[in-house]
Amino acid sequence: MIDRISFQTAARTVDHLGREQIADTPTAVSELWKNAYDAYARNVQLNIHDGPVPVATILDDGHGMDRDDFISRWLVVGTSSKAAADTTSIEDRNGLPSRARQGQKGIGRLSCANLGPLLLFVSKRAHGRFVAALVDWRLFENPYLTLSDIRLPVVEFDDRAELFDRLTELAAQLLQNVDGSEDPDHSERVRSAWSMFDALHGEEVRLNAATRTEPPSKSIRDTLAKVPFESRHLDQWSVWAGESEHGTALLVSGLSYDLRVQIDDRVAGPAALKAKRRWFETLSSFVDPFTDAARPEVNAAKPEFTYAVQVWRGARSDLIIGTEKQFNRHMVEPLEHHIEGQIGADGVFRGRVKAFGEWLPGVCEIAPPTDLAIGARADTLVGPVDLFIATMEFASANTTHTTAEFSFFQDLAEKYSGFLMFRDGLRVMPYGRFDNDFFEIDERRSRSAGREFWNQRQMFGRLAISRGRNPNLKDKAGREGLVDNRAAKTLKEIVAYILMQSARRYFGSASQMRKELLPEIRDVNAREKAAAAREKLKLRQRTEFRTKLLKHVKEAPVLAGDVHRFVVGLKLDREQSVINAQTALERFQDRYLSLAVGDPPKSLGSLEETFGRYRDEMGAVQAGLQEISDKVRDHIESVAFGEPEEVLKQQIQRSGLFVNARIDGWHDEIKTLQRIEYDRIAEVIASRRTGLGEIAETILHRLKTGDLALPTASKMVEALRTRLDRENSEILMPYIGALESLRDSIDLQNLATAGIEELSELRVELDRLNSLAQLGIAVEIVGHELQSFDDIIASGLRGLPAEVRESRAAKDIEFGYEGLTDQLKFLSPLRIAGQRLDRWITGAEIATYVREFFALPLARNKIELTASEDFLRFRVFDQQSRLYPVFINLVNNSLYWVATNASAKTEREIHLGIIDHRVVIADSGPGVPVDDVTQLFSLFFTKRARGGRGVGLYLSRANLAASGHRISYADTNEFRLLPGANFVIEFRGGEFE
């Protein structure tokens with residue numbers, strides 16, 4: 001006799017297929033999101049709510065389920081429709097185009113167990129009733145129960161309020177799977193099963209092999225005694241809010257560690273940080289961010305599907321992950337290295353490449369390895385695959401990006417880097433996570449970081465496949481990668497070879513392109529880095545100067561008034577009055593030093609007037625202090641003191657106190673800065689210390705799981721050590737160098753400032769030289785052409801008939817011609833080209849020429865140009881083209897400053913005179929500040945707010961020097977004819993009678 005016996009399915013089968021099959025909580029969430037996608041949802045979200053018992057909800061607006069769907073589909077493990085072709089009706093597609101199914105095995109819903117043990121399932125179809133069920137996944141952990149022993153309570157309702165009114169009833173019904181029901185046979189089976197399971201658990205506790213100390217049945221009873229779900233947990237569900245007629249909600253309590261850590265806002269420890277990082281890596285790019293409608297691809301898809309993870313602390317929510325926060329292809333388009341295109345069914349990559357910021361001409365083709373056989377059979381074919389990768393040089397010295405771009409992409413890589421895979425637009429797990437190296441990118445890099453180039457943590461990339469075109473690339477049951485069949489092996493070899501070949505051709509150390517371009521890039525970056533540092537220091541110095549100036553310009557007049565009043569009332573008639581005067585002088589000097597603003601920038605701009613006032617006030621203070629000092633010194637020299645040693649002792653004591661007080665102030669400032677800098681560098685060093693341990697932990701994990709062999713893991717650790725040591729050296733060695741310079745008393749501040757000022761002056765000088773060169777060429781060409789046109793016009797006018805020449809029109813032409821001719825005469829002495837003749841030039845000629853040249857601006861600004869009789873009688877033997885420009889420049893400068901001197905109280909005048917056989921050009925303007933006199937004749941030195949090139953005085957001195965003459969500025973009263981600027985010229989061979 002042959003018996004026919006069926007398989008008996010233990011309840012733990014569900015636990016094996018669900019909680020134990022899925023790698024972790026974020027992977028479980030992705031599975032449930034894909035279920036929502038297959039249900040034609042447009043939106044799905046995970047909400048994590050705080051409270052005495054935290055609750056998580058997964059909410060979607062898919063087509064939903066009614067009671068029959070729940071029983072015939074959701075409660076059936078391995079639903080056939082998941083493996084069959086998509087048979088979703090048009091009505092259930094919610095107006096969306098047909099979607100390729102993501103689920104294939106009908107077990108994705110079991111992922112709920114990975115979120116937490118207690119599940120409340122709520123769903124609704126359009127025009128249908130709500131259906132709800134309560135599940136405790138711990139029921140399926142009991143090895144002594146069969147699937148048929150477990151009975152889940154299901155309820156239908158119409159009014160939302162009914163759900164929470166019936167929660168207690170649902171919990172009681174569910175508890176019958178532990179305590180028994182009205183069915184005697186069922187009660188006996190479940191009570192016996194839980195009795196045995198509790199005893200087994202007790203034995204595990206005794207052997208320290210169990211993590212929970214209370215019996216499993218008690219845990220379930222305690223949970224169901226007070227179900228924590230509330231109406232507020234469904235407030236974000238569009239169906240609950242009345243915004244949609246269909247969708248599904250999953251409410252979970254007893255949350256896993258990965259979920260609980262998201263709502264914990266305390267300072268996270270290493271385990272929590274690792275969990276949050278893994279969470280973000282898994283879910284942040286759930287929908288393909290690399291698709292671009294402007295660049296159509298074969299498999300790439302952008303489904304109408306949004307996702308979000310929100311944490312709720314009371315009524316306040318924080319968006320952790322979501323479509324709104326997802327990065328996209330446009331953000332990485334500017335990266336300097338790209339490889340993008342398609343791997344054909346023949347295994348050949350065809351696409352385009354960008355290297356070091358430049359797109360290379362032509363199509364890039366990379367054939368598969370010659371020893372790789374590409375499967376042609378239907379069950380081995382790989383099919384077409386879209387490829388996109390973007391990255392950059394992550395050493396700042398090598399990149400073509402600006403400093404701002406480099407920092408932006410570094411931060412972006414911290415969050416979103418990785419080599420991912422997407423099927424029909426949705427993420428395939430676990431590719432792109434830190435602990436996954438399916439294409440052996442990091443392993444190859446460990447053998448030669450330079451040659452292999454690619455680095456998962458420093459690249460943004462993905463492969464795009466589809467269920468229709470790549471049917472042999474299937475997911476494993478636990479979503480831990482592709483099934484290891486021939487198609488997956490072939491894809492792995494093809495992609496690995498593309499990465500290796502592209503590195504050798506374009507990006508890695510073996511690339512000829514890299515060898516040619518990198519030296520220049522490094523040189524440019526070194527210069528830009530130095531320039532940025534100079535600009536930073538320059539800005540800091542200018543800011544400090546401005547802050548001090550604006551503050552001290554208000555305080556300087558107060559000090560000047562105090563000093564003036566002290567000088568007026570100073571009487572030195574006895575020894576104590578001298579001591580008092582010395583004490584007051586030292587206090588004034590202390591205040592004077594405290595008002596110092598440092599060296600002014602070369603270009604003051606809008607601060608010019610303010611600095612002028614400050615300088616005048618401080619000059620008055622200095623003069624007053626000098627007067628006090630002179631009077632005290634004169635009195636000490638002329639009067640015999642009774643106790644001179646006491647006087648000197650008191651002065652020494654006061655001076656010591658002053659010096660020490662200044663040192664103490666600087667010392668306090670130094671200590672404050674040292675503390676701040678010590679803390680900052682300590683943070684930098686602490687962060688650098690943990691770098692190797694965090695990464696090496698992953699390598700060790702992969703060695704333990706058999707993913708890596710020891711030789712490979714050892715090489716990876718060696719490469720990691722070398723890379724981190726290089727990075728640490730680049731960060732810390734310059735810091736040590738700066739400290740050593742300070743130890744050796746090298747003044748870094750003055751060194752940097754001198755370099756900044758010199759470079760700034762050279763840049764301005766270069767700009768002005770270019771402008772001057774262009775101006776000079778233009779004047780030369782125009783002068784030459786005007787002379788030619790002058791001859792043509794004159795000849796034409798002379799050739800006109802007499803009656804025409806007498807007409808009004810001809811007279812107007814002649815008048816205009818004479819005006820142009822006069823201007824040409826003024827230009828002709830300034831011409832660079834042409835014959836140069838020496839002759840006697842008188843002062844009267846010079847004065848007449850200058851008056852006529854500046855007739856209009858002199859009249860417009862009501863300025864009088866005068867010349868003394870001595871000047872008119874003066875003469876010198878020289879070239880007209882040398883002397884006239886000198887007077888034109890000097891008078892032009894005077895005209896500007898006299899016209900703009902709003903505070904002038906004297907007549908507006910420019911005067912040409914003679915003092916002691918020297919020619920003086922004087923004006924009634926504001927004069928030249930003492931600090932600027934030494935730079936007056938330097939090329940490009942100008943104090944004009946606009947229009948000044950700083951060339952006139954330099955050229956004047958050069959023209960005069962060519963004939964042995966000399967020019968200077970009168971900074972004493974000996975050669976001053978007017979209160980403003982007075983320039984003195986000593987003419988070699990000049991005659992003054």
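Helix axes here are lines fitted to C-alpha atoms over the stretch in contact, and the angle between two of them runs from 0 to 180 degrees between N-to-C directions. Keep that in mind on this tour of a predicted model.

**First stop: α27 and α28**

Select residues 880-900, which form helix α27, together with residues 952-962, which form helix α28; the two pack at an angle of about 150°, and their axes are 9 Å apart. Because an angle over 145 degrees counts as roughly antiparallel, α27 and α28 are described as roughly antiparallel to each other. Turn the view until one helix lies in front of the other, and you can follow how α27 passes α28 in a left-handed crossing. Now show the side chains where they touch: on the α27 side, the residues in contact include Leu883, Val886 and Leu890, while on the α28 side they include Leu953, Ser956 and Leu960. Taken as a whole, the residues of this contact divide into 7 nonpolar, 6 polar and 1 charged.

**Second stop: α8 and its two partners**

Next select α6 (residues 167-179) and α8 (residues 216-225), whose axes come within 10 Å and cross at roughly 170°. That angle makes α6 roughly antiparallel to α8. Ala171, Leu174, Leu175, Val178 and Asp179 of α6 make the contact with Ser217, Ile220, Arg221 and Leu224 of α8, and these residues divide into 6 nonpolar, 1 polar and 2 charged.

Keep α8 on screen and add α7, residues 184-206, which packs against α8 at an angle of about 115° with the axes 8 Å apart. Here α7 is therefore roughly perpendicular to α8. Look for Trp194, Phe197, Asp198 and His201 of α7, which meet Pro216, Ser217 and Ile220 of α8; this contact divides into 4 nonpolar, 2 polar and 1 charged.

**Third stop: α15 and its cap**

Move to α15, residues 486-507, and place a distance between its end C-alpha atoms, which are 30 Å apart; at 1.5 Å a residue, its 22 residues should span 32 Å, so the two values agree. Then select Asn485, which caps the N-terminal end of α15, with a side-chain oxygen 3.3 Å from the backbone nitrogen of Ala487.

**Last stop: two backbone details**

Most residues other than glycine have a negative phi, and most peptide bonds are trans. With that in mind, select Tyr40 in the loop between α2 (25-38) and β1 (43-49), where phi is near 60°, a positive value in a residue other than glycine. Finally, go to Pro430, which sits in the loop between β15 (426-427) and α13 (441-447). Which form does the peptide bond from Met429 to Pro430 take, cis or trans? The bond is cis, with omega near 5°.

Terms used: Residues are numbered from 1 along each chain as its sequence is written. This is a predicted model: local features need pLDDT of at least 70, side-chain atom pairs count only at pLDDT 80 or more; totals for chains, interfaces and linings use all residues. Side-chain values use heavy atoms; hydrogens and water are left out. Helices (H or I, at least four residues) and strands (E, at least two) are DSSP runs, numbered from the N terminus. Angles under 35 degrees count as roughly parallel, over 145 as roughly antiparallel, 65 to 115 as roughly perpendicular and the rest as oblique. A crossing is left-handed if the near helix is turned anticlockwise from the far one by less than a right angle, and right-handed if clockwise. Contact means heavy atoms within 4.5 Å. Ala, Val, Leu, Ile, Met, Phe, Trp, Tyr, Cys and Pro count as nonpolar, Asp, Glu, Lys and Arg as charged, and the others, Gly among them, as polar. The expected span of a helix is 1.5 Å times one less than its number of residues. A polar contact is a pair of N or O atoms within 3.5 Å; within protein, one must be able to donate a hydrogen and the other to accept it, and residues adjacent in sequence count only if both atoms are side-chain atoms.
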